[in-house]
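Thank you all for coming. I would like to walk you through one structure this morning, taking the sheet and its strands before the helices and loops, so please have the picture in view as I speak.

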Amino acid sequence: MSFTGKTVVVTGGATGIGAAIARAFDRLGARVAILDLDADKAAATAATLAPGAFGLGCDVRLRASVGDAFAAAIETLGRIDVLCANAGVSTMRKAVDLTDEEWDFNFDVNARGVFLTNQAAVRHFLAAGHAGCIINTASLAAKVGAPLLAHYSASKFAVFGWTQALAREMAPHGIRVNCVCPGFVRTSMQDREILWEAELRGMTPEAVFAEYVAMTPLGRIEEPEDVADVVTFLASDGARFMTGQGINITGGVRMD
């Protein structure tokens, strides 16, 4: 695969899966714009990539912030060919104890953030008259409800549903929209979740981690690069006849 001459925007790209996606596209020749709530970290990650990569601050919950960031990216890149809407958050609590604030926080970033960034990208694709591509980061929790993550799971089900509906609307324009559904990925988010789950279930963090590995048929914790490689494939011509898909990247935790 080569993305030479292509431009890619990655939201939530300063760390974790987003940073791995940015690095993967960079290695394949794309010019990359990293959008992240933390502008300094976005710039720092971009500085590790090839010349021409850059980082911008963006709060995906806010239409004005998304609009400003996309306008800046288009002005600098000239156009956007691929959007990876990856920004996401999680909290963990029993469903009966969930607060309005936790519900809203997860939906505002995970679902509204995908809606706003996808909409900005699609409007650009349509105005520019070219067939761009969108890959949203959903989750294993978008395929099966996750205990202690009911609100997060609901927000990721929303991402999958939105992806399929948008894919149908955009197909006549040649715009493809897919999502990836990672499992237990080794990130700072997972580190926090392991601690939360251990406390909520009365276990040690080590026991929670061992349970994740035991649930994964391929026998190891997923790495961000495992996700990034599938994302670049979905953006490539090799996936030219794929749209509206939720691709499991779970090491076999989910097989349908």
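Let me begin with a question for you: which residue is the bridge partner of Thr-11 in β2? It is Leu-35, and with that pair in mind I should say straight away that what you see is a predicted model.

The pair belongs to a longer contact, for β1 and β2 run parallel to each other and are joined by five bridges. On its other pairing, β1, which covers residues 7–11, meets β4, residues 82–85, again in the parallel sense and over three bridges. There Val-8 has Val-82 of β4 as its bridge partner, and Val-9 stands opposite Leu-83 in β4. As general background, strands of a sheet pair through backbone hydrogen bonds, and they can do this either parallel or antiparallel.

Now let us look at the side chains of β1. Thr-7, Val-9 and Thr-11 point one way, while Val-8 and Val-10 point the other way, and all of them are buried. Because five of the five residues of β1 are buried, this strand is largely enclosed by the rest of the structure. The alternation should not surprise you, since in a regular strand the side chains alternate between the two faces of the sheet.

Stepping back to the whole sheet, we find seven strands in the order β3-β2-β1-β4-β5-β6-β7, forming an open sheet with parallel pairing. The edges are taken by β3, residues 54–57, and β7, residues 246–249, and each has a single partner strand, so one side of each is left without a neighbour in the sheet. From one strand to the next, the twist averages 20°.

At the β3 edge, helix α2, residues 39–46, packs on the sheet and touches both β2 and β3, and its direction makes about 170° with that of β3. Four bridges join β2 to β3 in parallel, and one of the pairings has Ala-33 with Phe-54 of β3 as its bridge partner. Phe-54 appears again when we ask about the faces of β3, where Phe-54 and Leu-56 make up the covered face, and Gly-55 and Gly-57 the uncovered one. If you follow the chain through β2, α2 and β3, you trace a right-handed β-α-β unit, and β1, helix α1 and β2 also make a right-handed β-α-β unit.

Among the helices, I would like to single out α4, residues 100–128, which has 29 residues and reaches 40 Å from its first C-alpha to its last, close to the 42 Å expected at 1.5 Å a residue. Even so, α4 bends by about 35° at Arg-112, and it is followed by Gly-129, whose phi is positive, near 70°.

A positive phi turns up again at Leu-148, at about 70°, although this residue is not a glycine. Leu-148 lies in the loop between β5 and α5, and its relative accessibility is 17%, so it counts as buried.

Finally, consider Val-185, which sits in the loop between β6 and α6. With 6% relative accessibility, Val-185 counts as buried as well. Leaving aside residues up to four places away in sequence, Val-185 touches several others, including Ile-17, Gln-190 and Pro-224. The C-alpha atoms of Val-185 and Asp-226 are separated by 8.8 Å, although the two residues are 41 residues apart along the chain.

Definitions and conventions. Residues are numbered from 1 along each chain as its sequence is written. This is a predicted model: local features need pLDDT of at least 70, side-chain atom pairs count only at pLDDT 80 or more; totals for chains, interfaces and linings use all residues. Side-chain values use heavy atoms; hydrogens and water are left out. Two strands pair if DSSP finds at least two bridges between them. Helices (H or I, at least four residues) and strands (E, at least two) are DSSP runs, numbered from the N terminus. Axes are lines fitted to C-alpha atoms, for helices over the stretch in contact, and angles run from 0 to 180 degrees between N-to-C directions. Contact means heavy atoms within 4.5 Å. Buried means under 20% relative accessible area, exposed over 50%, partly exposed in between (1.4 Å probe, protein chains only). The expected span of a helix is 1.5 Å times one less than its number of residues. The bend at a residue is the angle between axes fitted to the seven residues ending there and the seven starting there. A crossover is right-handed if, with the strands pointing away from the viewer, the path from the first strand over the helix to the second runs clockwise.
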